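I opened the model today to look up how one pair of helices packs, and then to check a few backbone details elsewhere in the chain. My entries follow in the order in which I looked.

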Amino acid sequence: PRPVVSALFGLCLLTGCAGDSPSALNPGGAGASRVANLWWLLFWISVAVFVEVMALLVWALVFRRGDVRVRHGQPLRFVAIAGAAIPFVILVAVYGAGLRDLAALGAAPDRDAPTVEVTGHTWWWEVRYAGASGATANEIHIPVGERVRVRLRTDDVLHSFWVPQLMPKTDLIAGETRETWLQAERAGSYRGQCAEYCGTQHAHMAFLVVAQPRAEFDAWLARLDAPARQPQTDAERRGEQAFVQGTCAACHSIRGTGAQGTVGPDLSNVGSRWSIGAGAVPNDAGHLGGWIANSQTVKPGNAMPPQQVEAARLPDLIAYLRSLE
Ligand code: CUA
């Protein structure tokens with residue numbers, strides 16, 4: 001029956017449905033667990049207050065109808081307790097819980113914790129690691145179970161760094177370096193999102209946090225220091241040549257090649273990334289070709305102008321970029 005289905009669906013929304021939901025109520029780490037617990041505390045207090053108010057209303061309407069005599073002293077005591085003392089206790093308790101969580105969420109990780117340096121650009125995330133020379137974009141890898149320090153800066157306007165399943169929002173303020181941390185209890189991918197309106201493509205300023213076992217993370221990080229993968233096929237070699245000698249290299253860099261542009265994302269491992277355009281479209285050959293030809297039709301307003309690529313060169317460029325892992 002429909003009411004039962006609706007009720008179950010509502011309940012499902014409330015629980016975040018566990019599973020793969022990117023909801024803050026489906027925490028995957030210590031930071032988000034605190035936020036979720038605080039949320040549930042407020043939720044159940046609200047439920048208790050709502051039920052109590054409704055019960056009193058029903059009692060007044062149904063059982064006390066017509067009885068207007070009030071004994072002296074009684075209403076005043078009721079107002080003092082139900083209207084002032086009880087709310088005071090609740091608010092102080094919630095305030096205390098909030099302060100406790102704020103302190104815990106603001107605590108710096110160990111001094112030797114891995115450090116990720118994230119810079120917000122309209123509309124993508126530049127990702128670097130302390131001690132590593134290379135860069136990647138819109139994808140942050142972290143070792144499972146460890147607290148990773150995240151240093152946040154913005155290159156232009158305000159952005160906000162948010163991974164609902166791992167940590168609450170931290171704003172990126174022009175001229176300041178902010179710090180937060182990430183920690184994931186289990187391996188997997190966690191979606192992140194810019195949470196401060198920053199222009200027309202604010203919605204397409206997503207990123208992914210990939211938590212992996214320490215050894216895998218170390219191997220991934222080591223590749224961030226090494227030259228990009230060499231082209232293996234003729235098509236890939238022609239693609240590399242077109243990339244380095246064409247306009248691509250004016251804005252993008254690929255480690256170990258002549259392409260050293262710094263305007264757009266570093267593309268040294270672009271073939272392995274989860275998306276193109278910070279979550280705008282999936283990272284596959286078709287979308288990559290469309291993006292190179294005219295990214296303005298995919299993500300209007302982004303900094304990359306339409307490219308005049310020779311039709312015969314496009315498949316080579318796609319083959320080369322897809323091979324960079
Ligand atoms: Cu960056 Cu919204």
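Is the crossing of α7 and α8 left-handed or right-handed? I found that these two helices cross in a right-handed sense, and I note at the outset that the model is a predicted one.

**Entry 1: the helix pair.** I looked up the geometry and found that α7, residues 285-294, packs with α8, residues 314-323, at an angle of about 120°, the axes being 10 Å apart. An angle of about 120° falls outside the 65 to 115 degrees that count as roughly perpendicular and is not over 145, and α7 and α8 are therefore oblique to each other. I then listed the residues that meet: Ala285, Leu288, Gly289, Ile292 and Ala293 from α7, and Leu314, Leu317, Ile318, Leu321 and Arg322 from α8. Sorted by character, the residues of this contact are eight nonpolar, one polar and one charged.

**Entry 2: the buried part of α8.** I noted Asp316, Leu317, Ile318, Ala319, Tyr320 and Leu321 as the buried residues of α8, and I saw that they pack against α7 and also against α5, which spans 234-245.

**Entry 3: the annotated region around the pair.** UniProt, in an unreviewed entry, lists residues 234-325 as "domain: Cytochrome c". Over residues 234-325 I read 39% helix and 4% strand, with the end C-alpha atoms 18 Å apart.

**Entry 4: glycine 301.** I located glycine 301 in the loop between α7 and α8, where it counts as exposed because it has 11 C-beta neighbours inside 10 Å. Once neighbours within four places in sequence are left aside, glycine 301 is in contact with Thr200 and Gln201. The C-alpha atom of glycine 301 is separated by 23 Å from that of isoleucine 318, which is 17 residues away along the chain.

**Entry 5: the other annotated region.** The same kind of look-up gave residues 111-223, which an unreviewed UniProt entry annotates as "domain: Cytochrome oxidase subunit II copper A binding"; over these residues the chain is 9% helix and 51% strand.

**Entry 6: backbone details.** I found a cis peptide bond between threonine 122 and tryptophan 123, with omega about -5°, and I placed tryptophan 123 in the loop between β1 and β2. Asparagine 138, in the loop between β3 and β4, has a positive phi of about 60° although it is not a glycine, and asparagine 138 is buried, with 23 other C-beta atoms within 10 Å. Alanine 278, in the loop between β11 and β12, has a positive phi near 55° and is buried, with 25 other C-beta atoms within 10 Å.

Conventions:
Residues are numbered from 1 along each chain as its sequence is written. This is a predicted model: local features need pLDDT of at least 70, side-chain atom pairs count only at pLDDT 80 or more; totals for chains, interfaces and linings use all residues. UniProt positions are given in the numbering used here, feature names are shortened, and annotations may be inferred rather than shown by experiment. Axes are lines fitted to C-alpha atoms, for helices over the stretch in contact, and angles run from 0 to 180 degrees between N-to-C directions. Angles under 35 degrees count as roughly parallel, over 145 as roughly antiparallel, 65 to 115 as roughly perpendicular and the rest as oblique. A crossing is left-handed if the near helix is turned anticlockwise from the far one by less than a right angle, and right-handed if clockwise. Two residues are in contact if their C-beta atoms, placed from the backbone, lie within 7 Å. Ala, Val, Leu, Ile, Met, Phe, Trp, Tyr, Cys and Pro count as nonpolar, Asp, Glu, Lys and Arg as charged, and the others, Gly among them, as polar. A residue is buried if 20 or more other C-beta atoms lie within 10 Å of its own, exposed if 12 or fewer, and partly exposed in between; C-beta atoms are placed from the backbone.
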